[in-house]
Protein chains: 2
Amino acid sequence: MKEISKLLDYRSDIRIVDATLRDGGLVNNFRFTDEFVKDLYQTNLKAGVDVMEFGYKASKEMFDVKDFGKWKFCDDEDIRAVVGNNDTNLKIAVMADVGRCDYKTDIRPRSESPVDVIRVATYLNQIPAAVDVIEDAAAKGYEVTCNIMAISNAQEGDIRVALDILGKTPVNVFYIVDSFGALFPEQIARIAAMYCEFAAKYGKKVGIHAHNNQQLAFANTIEAVGDGVDWLDGTYSEMGRGAGNCAMELLLAFLKNPKYNIYPAIQFIEKHMNKLKADGVVWGYDMQYLLTGMLNQHPRTAIQFTKDKRKDFSEFYKEVTSQE
Amino acid sequence: MKEISKLLDYRSDIRIVDATLRDGGLVNNFRFTDEFVKDLYQTNLKAGVDVMEFGYKASKEMFDVKDFGKWKFCDDEDIRAVVGNNDTNLKIAVMADVGRCDYKTDIRPRSESPVDVIRVATYLNQIPAAVDVIEDAAAKGYEVTCNIMAISNAQEGDIRVALDILGKTPVNVFYIVDSFGALFPEQIARIAAMYCEFAAKYGKKVGIHAHNNQQLAFANTIEAVGDGVDWLDGTYSEMGRGAGNCAMELLLAFLKNPKYNIYPAIQFIEKHMNKLKADGVVWGYDMQYLLTGMLNQHPRTAIQFTKDKRKDFSEFYKEVTSQE
């Protein structure tokens, strides 16, 4: 049982990362209005959020800019149009997806960019390529996180090897990523202990990015807080791929550091997130996501089920269990 | 950190209680169709659910039968029309609300009734009256649970006194009830330890009934499973007052006892719960419930906000924080 102080006091090392544009962008092809993005930036400033992730730094060789909103690519100029010189305490992040990012050319030196943090997303089998992205970003002056995806179906031994490799790079934060929303809080406790062991050895921090397939995104995130994990991803109204993420408003309500403030989040949700939902953008917990989470599967079948506006859950159950 | 076996194995003492008609009935004034109730009974049988709660045993002196569906009153004849002689392993429960139930006359001896379990719902300040209901029900031959409501704003010392009084009665199960959806898993761990201490002393079991105001109903329930709590309340599609309860389908997906089976639950939800929602019955997590949960308040203001179809969350925040 954790110490009671873990609930009533706070650790000043905690950092909240707003991933609304990046993970939420997966739901609407990154087509947010400029007003949405500007209000989101102001909201994060007022709410005391520590890092705002604007989107992906996706390869324009691989993806056609006409098919997506601008936050799929996060040109420095587009970010600067929102944040100006960003003379604030809010750090700006973008995600570089290993294998889908022309990082050597598209990521400019930090001194020329409004971006502060590069988040490197990788699968376990791409770790050497991830190391290259990390070293490139660190050499250009950025803070760097490494987000190892889909660990719920990885071998613990492989994760340990990956953390040991990453420990020797200039990366600042190891991220626990429950891509399939398959993990329970007790598993998070064990995984956090493993990540924290390597973080202590190499002088790194640990973060968590949760999905809500089993209504555990918030529960897993606060479990991690009690386990020494510092960087916490949230999204407003839990907007994110499939079942969505940990709700920023739940995090702001939970965390006790007086620098955090839920009221701007409430105002933003009232103005923007209700409207997105009314406009037909769909995300969040539902039976199809429970089932892929329970089975520790990628949510792509559940996302397609949602897109097709299907409601035949029992047929879907037979489909996903036959994929085992 | 709990033993890994707590996740991968199972305790045969676990009992799942379906509270859909009772807590869900608070949302639609207990106006379920007969087909819904019959299908629910069959679903619980097939899913391996241990106890099905049909509703309240409410006083007909106090409540007009015209204003509610029949499951507000749970006449034995109405239950028997669904379950016949119930020659099954599924136990039938009803709830007796202390102060709102004519238990001496309305609860007949168990030998004449299809009911097996009387669940006595009480506030801390009604414990002596609850004891009277418990003793009456036990003398009539029933299994009895005592559900102490709204403990999130009670003094621990008072709860200990209540459990010590209840320990000396013939009650079988002490229930942890998070009426306001205000508790976090770490608090559940501490409360479960306290309840289990008295349960061990007096030879009782412990149960949990959670609410989903902060998306923690399932997380708190599985936390309790790891802490030795045996009786677990769930409702299909988490139907229940305000933000709803722990979803039965999440419980069935999580618990490892092979007697439990999620597929009938999926079929039931597909046929009935989707339709209830389409018909405009509203329940479940939303910002207004997060706010009353965060503030450890009764959800009545959030329920009224929902009924009024309001979406002005920031105004609501000012209202509920001014009630402190």
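In this predicted model, chain B superposes on chain A by a rotation of 180 degrees, with 0.0 Å of shift along the axis and an RMSD of 0.0 Å. The two copies are therefore related as by a two-fold rotation axis. Both use the same surface: 100% of the contact residues of chain B recur in chain A.

The contact draws 33 residues from chain B and 33 residues from chain A. On the side of chain B that touches chain A, seven helices are listed below by their residue ranges, and each supplies at least two residues. They are α1 (5-8), α8 (185-202), α9 (217-226), α10 (248-254), α11 (263-278), α12 (287-294) and α14 (313-321) of chain B. Of these, α11(B) gives the most, with six residues. By class, this side of chain B holds 19 nonpolar residues, six polar residues and eight charged residues.

Within chain A, eight strands form a closed barrel. The order is β1-β2-β3-β4-β5-β6-β7-β8, and the pairing is parallel. From one strand to the next, the twist averages 25 degrees. One pair illustrates the arrangement. Strand β4 (residues 117-122) of chain A runs parallel to strand β5 (residues 143-148) of chain A, and six bridges join them. Here A:Arg119 stands opposite A:Thr145 in β5(A).

A helix also packs on this sheet. Helix α2 (residues 20-28) of chain A touches β1 (15-18), β2 (51-56) and β3 (91-97) of chain A. The direction of α2 makes about 35 degrees with that of β2(A).

Attention now turns to another helix of chain A. Helix α12 (residues 287-294) of chain A is mostly covered, with eight of its eight residues buried. The buried residues begin with A:Met287, A:Gln288, A:Tyr289 and A:Leu290. The list continues with A:Leu291, A:Thr292, A:Gly293 and A:Met294. Both chains contribute to the packing around these residues. From chain A come α13 (300-307) and α14 (313-321), and from chain B come α10 and α11. In chain B, α11 is also the helix that gives the most to the side touching chain A. After α12(A) comes A:Asn296, whose phi is positive, near 55 degrees.

Conventions: Residues numbered from 1 in each chain as written. Chains lettered and ligands numbered in written order. Predicted model: local features only at pLDDT ≥ 70, side-chain atom pairs only at ≥ 80, totals over all residues. Contact = placed C-beta atoms within 7 Å. Helix = DSSP H or I, 4+ residues; strand = E, 2+ residues; numbered from the N terminus. Nonpolar A, V, L, I, M, F, W, Y, C, P; charged D, E, K, R; others polar. Least-squares fit on C-alpha atoms with pLDDT ≥ 70 in both. Pairing = 2+ DSSP bridges. Axes fitted to C-alpha atoms, helices over the stretch in contact; angles between N-to-C directions. Buried ≥ 20, exposed ≤ 12 C-beta atoms within 10 Å, placed from the backbone.
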